[in-house]
Amino acid sequence: PDLQLADAGLWRCNAFLAGAWQAGTGRFTVHAPASGETLAEVAALGEAEAQAAIAAAEAAWPAWRAQTAKARAALLQRWFLLITAATEDLARLMSAEQGKPLAEARAEVGYGASFVEWFAEEARRVHGETIPATDPSKRILVLKQPIGVCAAITPWNFPLAMITRKVAPALAAGCPVIIKPAEQTPLTALALAELAQRAGFPPGVLNVLTADGPGSIALGRVLCASPAVRHLSFTGSTEVGRILAAQCAPTVKKLALELGGNAPFLVFDDADLEAAVEGALAAKYRNAGQTCVCANRFYVQDGIYEAFVQRLAEKAAALRVGPGTREGVQQGPLIDAAALAKVESHVADALAGGARLLTGGRRVQPADHAGGHFYAPTVLADVTPAMRCTREETFGPVAPVLRFHTEAEALAAANASEFGLAAYVYTRDIGRVMRVSEGLESGIVGVNTGIISTAEAPFGGVKQSGLGREGSHHGLDEYLEMKYVCLGGL
Ligand code: ADP
């Protein structure tokens, strides 16, 4: 299909290794989720190329870490400007391979690029410490040094931002990186590599290994097993996160994991109803519900319950569903048939258990996109804690709404999950804002807002939602080791 890219050089289907494009030994197919058609045949790399990438990154490390922070920052800044200038093309690529509406894809380019800009700025603020010693003949110094070769395994839901959020701080710190993008969305990753090459990063400093599903598992094993790889950052499912953590145990690798969420969205009687509904729409239906911070379960207080579900259903029903590349579309397709089947099974389970369907609850098939995986924005009322849509992450455009009476009951219900990434609360009572924010077992709390992600703030989860934080000045620490130098004999 013709994506009408202004810059044809951003169409890359080979992997990027040691500063060169690699065709690999086989190819795998990338499909457009809006139509099912073939978009591209991309290089399928194997274990040998993974070893070669590790060797290239290792070889590039000494010179890269020896560059001044200012020099690394300048390269990152150039990459940022190139990404920003290519916004429209990157958005088209992303929308085609991932399915999200063009408006969301453009916003993701801005969001993804903001990490490159932020860490370009932070690169020059890696400060060590001096600590007063109790022995007058000694001094205590703390140096911060790059951890070494880093691997980043990223998901399909944010094909650009999940890469820059890991790669920019690694590069800023002085670490080379090996990226293994999701098999569904390698084209955006490869376009980013093209722009990195134009920015002038030295060969081996940034590598992109592409592979299909089984190939990704094989590459993952090599990256995890290698003692040269000192850090693995992964965003994806909790199941795969557990596998990777186990695979990294023998080499005691430092791990950053951004895993599943099951975000609760609490609405109290005193909330501004319209604001809560707008926040709910943003937190639920963005990316067709396929984000790890998407509201997965809504708990609404008795007094506002009926008004909230009716208004939410009205607004959800009005969202325009269609291929993301079509201007004006607000909700694109789900990523694949399995994602669609999961959403259908969650809705069927809820309806069988007595939930009330207010809108949606069905597939959508635009006439000219019959092969796409579209599902109507759905609102379910009278949902119970036992239903699958409450217990599991649906990762689709379904809003299950439960009823509560007291603050204590709402907090207990919100915390009754093994996950703890994002949580949302709508209330205008300042005391409750503090009590609930402190009481929620999550890494992120959105108070009277449904949009929380930004490069300046630490993003990450507690419990089985993950380890570590991305973004903010803390995001750079992930890629730095502290070295204590004890200076004696003064
Ligand atoms: P999702 O459920 O969002 O598809 P996954 O956790 O399955 O998320 O995949 C996220 C990323 O992890 C993708 O890049 C995928 O290729 C990769 N991946 C999946 N399984 C493994 C594995 N066993 N080892 C290494 N990488 C894996």
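**Exercise 1. A loop residue with an unusual phi**

Task: Find where Asn287 lies in this predicted model, and decide whether Asn287 is buried or exposed.

Solution.
Step 1. Locate the residue. Asn287 sits in the loop that links helix 9 (273–285) to strand 13 (295–301).
Step 2. Count its neighbours. There are 23 other C-beta atoms within 10 Å of Asn287.
Step 3. Apply the cut-off. A residue is buried if 20 or more other C-beta atoms lie within 10 Å, so Asn287 is buried.
Step 4. Check the backbone. Most residues other than glycine have a negative phi. Asn287 has a positive phi, near 55 degrees, and is not a glycine.

**Exercise 2. Another positive phi**

Task: State which loop holds Ser472, and find its exposure class.

Solution.
Step 1. Ser472 belongs to the loop between strand 23 (466–467) and helix 15 (474–477).
Step 2. Its phi is positive, about 65 degrees, although Ser472 is not a glycine.
Step 3. Ser472 has 18 C-beta neighbours inside 10 Å. Buried needs 20 or more, and exposed needs 12 or fewer. Ser472 therefore counts as partly exposed.

**Exercise 3. Classify residues in helices and strands**

Task: Place Ala71, Thr38 and Glu129 in their elements. Then say whether each is buried or exposed.

Solution.
Step 1. Start with Ala71. Ala71 is part of helix 2 (residues 69–85). With 12 other C-beta atoms within 10 Å, Ala71 is exposed. The cut-off for exposed is 12 or fewer.
Step 2. Go on to Thr38. Thr38 is in strand 4 (residues 38–44). The count here is 11 other C-beta atoms within 10 Å, so Thr38 is exposed.
Step 3. Finish with Glu129. Its place is strand 5 (residues 129–131). Glu129 has 11 other C-beta atoms within 10 Å, so it is exposed.

**Exercise 4. Distance along the chain and in space**

Task: For Ala71 with Val167, Thr38 with Ala246, and Glu129 with Phe80, give the separation in sequence and in space.

Solution.
Step 1. Ala71 and Val167 are 96 residues apart along the chain, and their C-alpha atoms are separated by 16 Å.
Step 2. Thr38 and Ala246 are 208 residues apart in sequence, and 35 Å apart from C-alpha to C-alpha.
Step 3. Glu129 and Phe80 are 49 residues apart along the chain, with 30 Å between their C-alpha atoms.
Step 4. Now look at contacts. Leaving out residues up to four places away in sequence, Thr38 touches Thr29 and His31.

**Exercise 5. A residue before strand 1**

Task: Describe the position, exposure and contacts of Asp7.

Solution.
Step 1. Asp7 lies in the segment before strand 1 (15–17).
Step 2. Asp7 has 14 other C-beta atoms within 10 Å, so it is partly exposed.
Step 3. Set aside its neighbours within four places in sequence. Asp7 is then in contact with Ala86 and Asp89.
Step 4. Compare with Ser233. Asp7 and Ser233 are 226 residues apart in sequence and 31 Å apart in space, C-alpha to C-alpha.

**Exercise 6. Two helices and a ligand**

Task: Describe how helix 1 crosses helix 7, then trace helix 7 to the ligand.

Solution.
Step 1. The axes of helix 1 (residues 47–66) and helix 7 come within 9 Å, crossing at roughly 35 degrees. The crossing is right-handed.
Step 2. Name the partners. Helix 1 brings Glu47, Ala50 and Gln51 to meet Ala218, Leu219, Val222 and Leu223 of helix 7. These contact residues divide into 5 nonpolar, 1 polar and 1 charged.
Step 3. Turn to the ligand. Helix 7 (213–225) and helix 8 (238–248) each supply at least two residues of the shell around the ligand.
Step 4. List the nearest. Of the 14 residues around the ligand, Ser216, Gly220, Gly236, Ser237 and Val240 come nearest.
Step 5. Sort the shell. It holds 7 nonpolar, 5 polar and 2 charged residues.

**Exercise 7. The whole chain**

Task: Explain why the chain counts as compact.

Solution.
Step 1. Take stock of the elements. The chain has 15 helices and 24 strands.
Step 2. Compare radii. The radius of gyration is 23 Å, close to the 23 Å from the globule rule for 490 residues, so the chain is as compact as a globular protein of that length.
Step 3. Give the box. Along the principal axes, the C-alpha atoms fill roughly 70 × 60 × 40 Å.
Step 4. Add burial. Of the 490 residues, 54% are buried.
Step 5. Add contacts. Among contacts between residues at least 6 apart in sequence, 73% join residues at least 24 apart.

Definitions and conventions. Residues are numbered from 1 along each chain as its sequence is written. This is a predicted model: local features need pLDDT of at least 70, side-chain atom pairs count only at pLDDT 80 or more; totals for chains, interfaces and linings use all residues. A residue is near a molecule or strand if its C-beta atom, placed from the backbone, lies within 6 Å of it. Helices (H or I, at least four residues) and strands (E, at least two) are DSSP runs, numbered from the N terminus. Ala, Val, Leu, Ile, Met, Phe, Trp, Tyr, Cys and Pro count as nonpolar, Asp, Glu, Lys and Arg as charged, and the others, Gly among them, as polar. Axes are lines fitted to C-alpha atoms, for helices over the stretch in contact, and angles run from 0 to 180 degrees between N-to-C directions. A crossing is left-handed if the near helix is turned anticlockwise from the far one by less than a right angle, and right-handed if clockwise. Two residues are in contact if their C-beta atoms, placed from the backbone, lie within 7 Å. The radius of gyration is taken over C-alpha atoms; the globule rule is 2.2 Å times the number of residues to the power 0.38.
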